[in-house]
Amino acid sequence: MIDNRVVDRILGERKNMHPDDPCVMDKWNELIKIFTYDEMSTIAYLNNCCKENIEWISEIFEDISEQLQSFRFIECIKRLAIKYPDLDLEQDISYAKKVLKNVGE
C-alpha cells in the first residue's frame, strides 16, 4: 500500500523546485521507487489520486512503465486521460507505451 503522506511530501517538495533544479531527478527517483514497488498498489493509488497529483506524477509515467512493463498500468493512465482530459496526458501515455517490450501497436 502506498503511503499518501509520503507521496504528498515528495510532490510538495517537487512543486517548490525550479524545473531546471538538478534535485528534481532525486524527487522523481523517490517517486519511481514508490510506484514501481507494487503494480496493483500503484494502480489503486492513481485511480483515487487527485487531479493535481496526477499532473505531477505524469512526469514519470514513462519511467514507471519501463520498470513495471504492465499493460494494466497503461490502461490505468489511459483512464486517467479520459477522467482528466484537460491534463493532456496523451504524450505521456505514448512515451509510457513505447517503453513496453514486445508491444505491437
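Let's start at Phe61. Leaving aside residues up to four places away in sequence, Phe61 touches Ile54, Phe73, Ile77, Leu80, Leu89, Asp92 and Ala96. Do keep in mind, everyone, that this is a predicted model.

So where does Phe61 sit in the bigger picture? It is among the residues with the most contacts inside the largest nonpolar core, along with Phe35, Leu46, Ile54, Ile57, Ile77 and Leu80. That core has 29 residues. Helices H1, H2, H3, H4, H5, H6 (71–83) and H7 (90–98) each supply at least two of them. Which helix gives the largest share? That is H6, with six residues. As a general point, nonpolar side chains in soluble globular proteins tend to be buried together.

Now let me take you to one of those helices, H2, which covers residues 24–37. How far apart should its ends be? With 14 residues at 1.5 Å a residue, H2 should span 20 Å, and its end C-alpha atoms are indeed 20 Å apart, so the two agree.

Which residues of H2 are buried? They are Val24, Lys27, Leu31, Ile32, Phe35 and Thr36. Looking down the axis of H2, these buried residues fall within an arc of 150°, so they line one face of the helix. There is a nice general reason for patterns like this: an α-helix has 3.6 residues a turn, so residues three or four places apart point the same way. On the other side of H2, Lys33 and Tyr37 are exposed. And what covers the buried residues? The cover includes H1 (4–15), H3 (39–47), H4 (51–57) and H5 (61–68).

Let's follow H3 next. The axes of H2 and H3 come within 5 Å and cross at roughly 110°. The two helices are therefore roughly perpendicular to each other. From H2, the contact is made by Ile34, Phe35, Thr36 and Tyr37, and from H3 by Glu39, Thr42 and Tyr45.

How does H3 lie against H6? Those two pack at an angle of about 5°, with their axes 10 Å apart. That makes H3 roughly parallel to H6. On the H3 side, the residues involved are Glu39, Met40, Thr42, Ile43, Leu46 and Asn47; they meet Arg72, Phe73, Cys76, Ile77, Arg79, Leu80 and Lys83 in H6.

One last stop, still in H3: Ser41. Is Ser41 buried or exposed? Its relative accessibility is 16%, and the cut-off for buried is under 20%, so Ser41 counts as buried. Not counting residues up to four places away in sequence, Ser41 touches Met1 and Ile2. Thanks for listening!

Key: Residues are numbered from 1 along each chain as its sequence is written. This is a predicted model: local features need pLDDT of at least 70, side-chain atom pairs count only at pLDDT 80 or more; totals for chains, interfaces and linings use all residues. Side-chain values use heavy atoms; hydrogens and water are left out. Helices (H or I, at least four residues) and strands (E, at least two) are DSSP runs, numbered from the N terminus. The expected span of a helix is 1.5 Å times one less than its number of residues. Buried means under 20% relative accessible area, exposed over 50%, partly exposed in between (1.4 Å probe, protein chains only). The arc is that of the directions from the helix axis to the C-beta atoms. Contact means heavy atoms within 4.5 Å. A nonpolar core is a set of buried Ala, Val, Leu, Ile, Met, Phe, Trp, Tyr and Cys residues joined through side-chain atoms within 4.5 Å. Axes are lines fitted to C-alpha atoms, for helices over the stretch in contact, and angles run from 0 to 180 degrees between N-to-C directions. Angles under 35 degrees count as roughly parallel, over 145 as roughly antiparallel, 65 to 115 as roughly perpendicular and the rest as oblique.
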